Each structure stands twice: as structure tokens, then as C-alpha cells.
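Student: I am new to this structure. Please take one part of it and go through it closely, strand by strand, and then set it beside the other parts that can be described.

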Amino acid sequence: MILHEHLNVNEQGHLTIGGVDTVELAREFGTPAYILDETVIRKNCRTYRDAARRYFGEDALPLYASKALCFTEIYRLAAEEGMGIDCVSGGELYTAKKAGFPAERIYFHGNNKTDRDIADAMDMGVGTFVVDNREELAALSAEAVRRNVTQRILLRITPGIDPHTHRAVVTGNVDSKFGNAIVTGQAMAIVKEALAAPGIHLAGLHCHIGSQIFDIEPFADAADIMIRFIAAIKAECGYEIGELNLGGGLGVRYLDTDPAMDYADAIRQIASVVTGFCQANGIAMPRVILEPGRSLVAAAGITLYTVGSVKEIPNFRNYVSVDGGMPDNPRYALYQSRYTALIANRADAPKNYRATIAGRCCESGDLLGENMELQIPKRGDILAVLVTGAYNYSMASNYNRIPRPPVLLVKDGIARVAVRRETYEDLTARDIF
């Protein structure tokens, strides 16, 4: 096993994913290429689904936070595994619609939904809007009245939790573009507006404290704050909130030094805390919604590249250049996110070479990682970067006019194309000339 149980080395010394030889995948489908183990995604969905129902009750629902990885087939898998989904844009909604995902199990997020977004989502019959601000609430109310319908909503609340993660992915703090803070009084104010708004049914509250969190304590703190706020709403407004969305954010193992999380046990611990807080505050246990994204798909994915050059600068550093880079994985450039990498065609060899992995773009910041330990590389090797299932394909671009890689799903020893490789013709298809 290499980092995760579905990644191994075969008799040829090649890296395998789900039992499939990655060197053969590179030969058949080319590089760069995103590879996803479908079995891992399904297993993770079932872990969340079963644990949520076991510890929170049968009406608990995990939502796949699809900004982590969005294409039509991933929505089909989520539907088959009994998940709901969290969409954050019209494009994600459209993709879910193309996949035939049940609209009533869609939660529509976003801090700046346009009038078109609202209308399109209501045309689809989206089950729940997660309302971020007063302007959205007013626009949604007006559209619901115009259609003579009642729209189910959650209100996004910022509980003011610092989960000690990268500040760019912290969303639960008071100083945030998302939601309404409890401590400023804005949360209670928008609750009262929602309760009075025509065409609106306030079903519950939502919070999300951040991403890549390995400690349960921030989730417990957030649950405490949210339950106390539900109690305050009951006392001040005479209205008991029936649904609580605790968001996502459980961590994923990218490096050997990262802990391996037991997601089912984490859900058990969070449920125990929520149950205790409800009893202490005289609140009926709400229906609990969870929003895993990264923890469903990240570890399931790897990205394969072909090494082009190896540049050694004495007394400075070594560079290994590959045929991809920041267009297919911008996370190092954005967040200095760290990954594990290896030479897939010599995965059984010792990692005794330290290098910076450089992309092919005309950009000095086009790096996939620095000071990474690899097997000794040479031109033509297949380099694998592990745990790239989340926020790689979904954040990919055509910078330097580079076509985006394909997405392959492997299952039962067979690989299939879920998203085909872009072509140069695709790059110019929308140009007017």
C-alpha cells in the first residue's frame, strides 16, 4: 500500500490504482490524465451515508459537495449511492440536471446567486436554497411569490470558529464573505426576515467552518454554537429550527505525515456532541445534513504525467519538468498544497532523489511541489501525483492554451473515459473569427 489501500505496486514494480497498472493507463490514454478509483468513491459515499443514519437518525442526509469534482458521471454515482448534492453555480446545477440527479435532493449554495441562477434553479425544482444574505432572500422571496410557490431554504450562519487551517479555505469566521454572523446580531436579524418573508419556508440553518480539518473539536464547538443559536431562535421567535447542516471539511491524507481519519467514527463523535447539546438546551434533535466533498473523492484520484526533462543546478535544486502543471492542478500555486509523488514505472525503487516538480507553462510559479522525494527520474518516465481527486479537475484551466486532461474511472480492473481529453479544436470552438 502507498498512502492509501487502493494504491499498490505490482510485480513489474509499477504503481497500480484499484489493481490497474498506471503505466499501461498512461500508454493507452496518454498523459496528463486524471485517474479515479470508482470503488473508493462509492465506498466513501456509503461510509458517510451509513454513519450519518446510524448516529444522527434515518432522516440524516450527506450531500456530496460537488465543487470538489464536478462532471456528469460523478452525479450519477452520488445518486446511486443515496446521496444528496451541494451545488454552488448554475453550471453545476446544469451538469446535475444532465446527469438526471433528483432535484429535490439538491441544495443550492453560493454567496452571490444571480437572478438567472435563482430562476433556473426554481425551474429545475431544486429542493433547498442555502440563502447567504438579505439581498438573496428578498430576490428569492419575490421570485417565489411571482410563481405562487413556497421555496424551502436554509440560512447560512457564520459561527465564528477558527479551525486552524489555511486562511484561504476558512469560511466559518466572523470576517468572511459567507453567511451571517451570530455575534453581530445579523444572524438573528435575517432569521426574523426569513420567517416573515412571503413564499419562503425556513427549514433550517447551515454552517461550514473550513476544510482539511483533522481535529473534531472545531466541529464540536460549531455544533455547540449552532444549537445554542437554535435555542435562542426558539426563545425569541417561538420557532424551532428543524434542520441543521453542519457542512463538511474532514481532512484527507496527502502525505505520510498526515493522520488517517476514520470518517465513520468522526461522525459518531460529532453526533454524540450534537445530541448532548440538544438535550442540554431543551431542543428537539434536528435533521442533520453533512457536506463532504474532498473526503469523498480526493484520495480516489491520482494524476499521471510524463517526465520531459531533469535539470540539476549544483548547490541549488533539481527540477523535474512534466507535461502538465498548474492548468491541471493549480493548488500548489494557490495554496502551497503539498502532495506525494513518485515515478510510477519504478514505484518499487527507493525515493532517494529530491526535486521540484515543474509544469510546462511559461510561468515561474508553475510548480506542483518543491523538495519532493522521488525515485531517480529520467525523460519518458511516468510521474504520478497522488490524492488529486479533489480540486484538480474542477479548478483546471486552459492557461497557455493547454487542453485539459481526460478523467478516467477504474473499476474491477477496467478503465473507462468519463470525460474525454480536450482537443485543440475544443479550444477554438467558441472563438468568433
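Tutor: Two strands are said to pair if DSSP finds at least two bridges between them. The model is a predicted one, and the part to look at closely is the set of pairings around strand E14, residues 301-312.

Start with strand E15, residues 318-322. E14 and E15 are joined by five bridges, and their pairing is antiparallel. One place to find this pairing is Ser-309, whose bridge partner in E15 is Ser-321. E14 and E15 form a hairpin with five residues between the strands. Within that hairpin, Asn-315 has a positive phi near 70°.

E14 also pairs with strand E19, residues 382-386. Here too there are five bridges in the antiparallel sense. To locate the pairing, look at Leu-304, which stands opposite Ala-384 in E19. A further pairing of E14 is with strand E4, residues 33-37. Four bridges link E4 and E14, and this pairing is again antiparallel. Tyr-34 and Thr-303 face each other across it, Thr-303 being in E14. In general, strands of a sheet pair through backbone hydrogen bonds, in a parallel or an antiparallel way.

A small sheet can be set beside this. It is open, and its strands come in the order E1-E2-E3, with antiparallel pairing. Its edge strands, E1 (7-9) and E3 (20-21), each pair on one side only. Strand E2, residues 15-17, meets E3 over two bridges. Ile-17 is opposite Val-20 of E3.

Parallel pairing is found at strand E13, residues 287-290. Strand E5, residues 61-65, is joined to E13 by two bridges, and these strands run parallel. Leu-61 has Ile-289 of E13 as its bridge partner. Strand E12, residues 243-245, also pairs with E13 in the parallel sense, over three bridges. In this pairing Leu-244 stands opposite Val-288 of E13. The path from E12 to E13 includes helix H9, residues 263-281, and E12, H9 and E13 together make a right-handed β-α-β unit.

The loops on either side of H9 each hold a residue that can be described. Asp-262 sits in the loop between E12 and H9. Its relative accessible area of 49% makes it partly exposed, because only values over 50% are called exposed. Asp-262 and Arg-49 are 213 residues apart in sequence, with 14 Å between their C-alpha atoms. Ile-283 belongs to the loop between H9 and E13. Ile-283 has a relative accessible area of 7%, so it is buried; the cut-off for buried is under 20%. Apart from neighbours within four places in sequence, the contacts of Ile-283 are Ile-227, Ile-230, Ala-231, Lys-234, Glu-240 and Cys-278. Cys-362 is 79 residues from Ile-283 along the chain, and their C-alpha atoms are separated by 58 Å.

H9 also has a part in a cavity. The model has four cavities of 30 Å³ or more, and the largest holds about 130 Å³ of space. It is lined by 15 residues, and those closest to its centre are Phe-219, Leu-246, Gly-247, Ile-270 and Leu-290. Helix H8 (217-237) and H9 each give at least two residues to this lining. By kind, the lining has 11 nonpolar residues, three polar and one charged.

One more loop remains, between strand E17 (353-358) and strand E18 (367-374), and Cys-361 lies in it. Cys-361 is buried, with a relative accessible area of 9%. With neighbours within four places in sequence left out, Cys-361 is in contact with Met-326, Pro-327, Asp-366, Tyr-399, Asn-400 and Ile-402. From Cys-361 to Met-124 there are 237 residues in sequence and 40 Å in space, C-alpha to C-alpha.

To return to the part chosen at the start: E14 pairs antiparallel with E15, with E19 and with E4, whereas E13 pairs in the parallel sense with E5 and with E12.

Key. Residues are numbered from 1 along each chain as its sequence is written. This is a predicted model: local features need pLDDT of at least 70, side-chain atom pairs count only at pLDDT 80 or more; totals for chains, interfaces and linings use all residues. Side-chain values use heavy atoms; hydrogens and water are left out. A crossover is right-handed if, with the strands pointing away from the viewer, the path from the first strand over the helix to the second runs clockwise. On a 1 Å grid over the protein atoms alone, a cavity is a set of points where a 1.4 Å probe fits but cannot get out, and a pocket is an open set with protein on both sides within 12 Å along at least five of seven lines; lining residues have an atom within 4 Å of a point. Grid points are joined across faces, edges and corners, and a volume is the space filled by probe spheres set on the points. Ala, Val, Leu, Ile, Met, Phe, Trp, Tyr, Cys and Pro count as nonpolar, Asp, Glu, Lys and Arg as charged, and the others, Gly among them, as polar. Buried means under 20% relative accessible area, exposed over 50%, partly exposed in between (1.4 Å probe, protein chains only). Contact means heavy atoms within 4.5 Å.
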